[in-house]
Structures are given as structure tokens and as C-alpha cells.
Amino acid sequence: MTMSLPADLPVLQAGNPQARTALVLHGGGGPRTVAPIVGHLASTMHTCAPTHPGWDGTVLPDSITSIADLAAGYLTRLIEHEERDVVLVGSSIGGWIALEMAVQAAGADRYAGVIGAVVVIDGVGVTIDGEPMADFFSLDARALAEAAWHDPERGFIDPSGLTDEQRAIQSGNGRTMAALAGDMSDPTLLDRVGAVAVPTLVAWGSSDRIVTPAYGRAIAAAVPGAEFVEIPRAGHLPHLENPDQTWAALDSFLARS
């Protein structure tokens, strides 16, 4: 599958351009949610954090209709930039994109050597019979904070305090998520991640009630040789709630991969 992303896609870059590249993929909350990951990894790596098409007011091309399309677009971009040994770091939907990229790369000779490692942080995308997943699109701001955060008061954003521009961005992000991710899962993904052939870390907030730690364990069990680390006192975004424990897991993994 070959797919092109918009040429003017915003990309935050930090760190040493000569160092190993980390492609940091954000979730539904947009690029600001992964800014701490970009900052942390920039001390030793070249970090690139794109804004996915359709998020934060960017254009979603008609040709991109699924997470698989988006993953194919990022793989094409890596080839175009002659990247090698890239570390994919994905949060939430970004974790789903990272896994899809790794699966697609494993099945195509043209991507050999492009991806060097994968880090999934509370990724959505897989389905597990009998294990609950929050209906993201039905949650109001208070219920979302309760589901996504270990400390809901830290995560609650009062909608009445948002500007018209912020509401428009939030609404647009939601429409893009619905268009690409549907019910936030792909029933084929868990069976396909067995093809992933690079070192993989699955890190999960112990208090995540969007997708519980059981999802992370299932992903780690399905990816050959993957490691699973549960981050205490953290929900769906452990790098925001418990950065010290998240960085410890991430740095240890990268030092070995």
C-alpha cells in the first residue's frame, strides 16, 4: 500500500538531526499531548512529531479514510526522507498507527530496515472479548477525565472555559477520529501484530479505563518478544501523569534496542 500525506503537514522537530530518529505519534487529543515525549527524547534522539491530517485544523485528504491509510502515509514519508532504524512512539491512537506501520513494514521488502523499534503507550485499536472499552464519543468532559486519568481533577477541562477556536478544534478532532478510527478498534489487528519483527515496548497506565491494562498485556503477548510495563498512578496518558516512571521504562527499553 502506497499513500501520500499532505506536503505541508505540520511537524514538530527537536534534538540532533544526526541522531537516531523517533517518530512520535499523538492520540485523539492532538500533538500537545505528546509534547513531553518529544522533549524527553530530544536529549538523545532526533524527534519528529507530526500533526495527523485532520487534527488541529489541518486538512484530511479524501484519500485517507482509515488508520491503515494513515500508517501507509507515514511509511511512505519515512522512505521519502531516507530514514533508517526509526523508533515509533505512539500514544493512544498513535499506538494503533505505530502497530499498523510495523505490520505493514514487516510485509514489504521496500521497508526493510526502516523501523527499528516500536513503543506503544496505552494504544487503542485491538479488541478483546469480554474486556470493556470506553465509548469515547459518548463521554462528556467529566466522564472522559474519570476514564482517562488516575487523578481526574488533573485531566478535567471545563468546556465553559474554552474559546470558540478551541471548541472548533476539539470538534474537528472528534470528527476526524470518528472518520478514521470508527469505534476505536480493528478486530483484525491483534491477529496481525504477530508479524511485527522489531523490539517492542508496551507501556500502560495502571488506572487507564479507556482501554484497561488487559489490552496492553494482550498486545504484548501477541507481538513476538514484546515487553509489557505497567505505569503506576497513571491513566491513559502516563507520560503526563507519571513521567518519571514512564521515562524510566522508555529509556531502559531504548538502551537495549
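In this predicted model, Leu99 sits in helix α3. With a relative accessibility of 1%, Leu99 counts as buried, because the cut-off for that class is under 20%. Not counting residues up to four places away in sequence, Leu99 touches Val120, Val193, Val196, Ile219 and Val223. Leu88 lies 11 residues from Leu99 along the chain, and the two C-alpha atoms are 8.7 Å apart.

Helix α3 also turns up when the nonpolar interior is mapped. The largest nonpolar core holds 50 residues, and those touching the most other members are Leu23, Tyr74, Ile93, Ile97, Met101 and Ile115. At least two residues of this core come from each of β2, α2, β4 (86-91), α3 (93-106), β5 (115-121), α6, β6 (200-205) and α8 (213-222). The biggest contributor is α3, which gives 9 residues. For Ile93, leaving out residues up to four places away in sequence, the list of touching residues runs to His26, Gly27, Gly28, Trp55, Ile67, Val124, Met177, Ala181 and Met184. There is also a second, separate core, made of 18 residues, with Ile37, Val87, Ala117 and Phe253 among them.

Moving on to α8, its buried residues are Pro213, Tyr215, Gly216, Ala218, Ile219 and Ala220. What they pack against is a mixed set of elements: α3, α7, β6 and β7 (227-231). Ile219 is one of these buried residues, and it is also among the residues that Leu99 touches. Ala220, another of the buried α8 residues, touches Ala226. Ala226 itself is placed in the loop between α8 and β7. Besides Ala220, Ala226 touches Thr200, again not counting residues up to four places away in sequence. In terms of chain separation, Ala226 and Val119 are 107 residues apart, yet their C-alpha atoms are 9.6 Å apart in space.

Now for the open space. The largest pocket encloses about 1100 Å³. Its lining is made up of 38 residues, and Gly29, Arg32, Phe136, Leu144 and Gln170 are the ones nearest the centre. Three helices, α4 (141-148), α5 (152-155) and α6 (164-181), each put at least two residues into that lining. Of the elements involved, α6 has the largest share, with 6 residues. Sorted by class, the lining of the largest pocket comes out at 22 nonpolar, 12 polar and 4 charged residues.

The second largest pocket has a volume of about 260 Å³. It is lined by 14 residues, with Val11, Leu23, Cys48, Arg77 and His81 closest to the centre. Two or more lining residues come from each of β1 (11-15), β2 (21-25), β3 (46-50) and α2 (67-80). The class count for this second pocket is 8 nonpolar, 4 polar and 2 charged. Leu23 links this pocket to the interior: it is one of the residues closest to the pocket centre, and it is also among the members of the largest nonpolar core that touch the most other members.

A few loop residues are worth a look too. Ser185 is found in the loop between α6 and α7 (189-192). Its relative accessible area of 14% puts Ser185 in the buried class, since that is under 20%. The side chain of Ser185 makes a polar contact with the side chain of Asp183, at 2.9 Å. Apart from neighbours within four places in sequence, Ser185 is in contact with Trp96, Gly125, Val126, Thr127 and Met133.

Two aspartates have a positive phi, a value flagged here in residues other than glycine. For Asp85, phi is near 55°, and the residue is found in the loop between α2 and β4. Asp85 has a relative accessible area of 36%, so it is classed as partly exposed, between the 20% and 50% limits. For Asp122, phi is near 50°, and the residue lies in the loop between β5 and α4. How accessible is Asp122, buried or exposed? Asp122 counts as buried, because its relative accessibility is 0%.

Key. Residues are numbered from 1 along each chain as its sequence is written. This is a predicted model: local features need pLDDT of at least 70, side-chain atom pairs count only at pLDDT 80 or more; totals for chains, interfaces and linings use all residues. Side-chain values use heavy atoms; hydrogens and water are left out. On a 1 Å grid over the protein atoms alone, a cavity is a set of points where a 1.4 Å probe fits but cannot get out, and a pocket is an open set with protein on both sides within 12 Å along at least five of seven lines; lining residues have an atom within 4 Å of a point. Grid points are joined across faces, edges and corners, and a volume is the space filled by probe spheres set on the points. Helices (H or I, at least four residues) and strands (E, at least two) are DSSP runs, numbered from the N terminus. Ala, Val, Leu, Ile, Met, Phe, Trp, Tyr, Cys and Pro count as nonpolar, Asp, Glu, Lys and Arg as charged, and the others, Gly among them, as polar. Buried means under 20% relative accessible area, exposed over 50%, partly exposed in between (1.4 Å probe, protein chains only). A polar contact is a pair of N or O atoms within 3.5 Å; within protein, one must be able to donate a hydrogen and the other to accept it, and residues adjacent in sequence count only if both atoms are side-chain atoms. Contact means heavy atoms within 4.5 Å. A nonpolar core is a set of buried Ala, Val, Leu, Ile, Met, Phe, Trp, Tyr and Cys residues joined through side-chain atoms within 4.5 Å.
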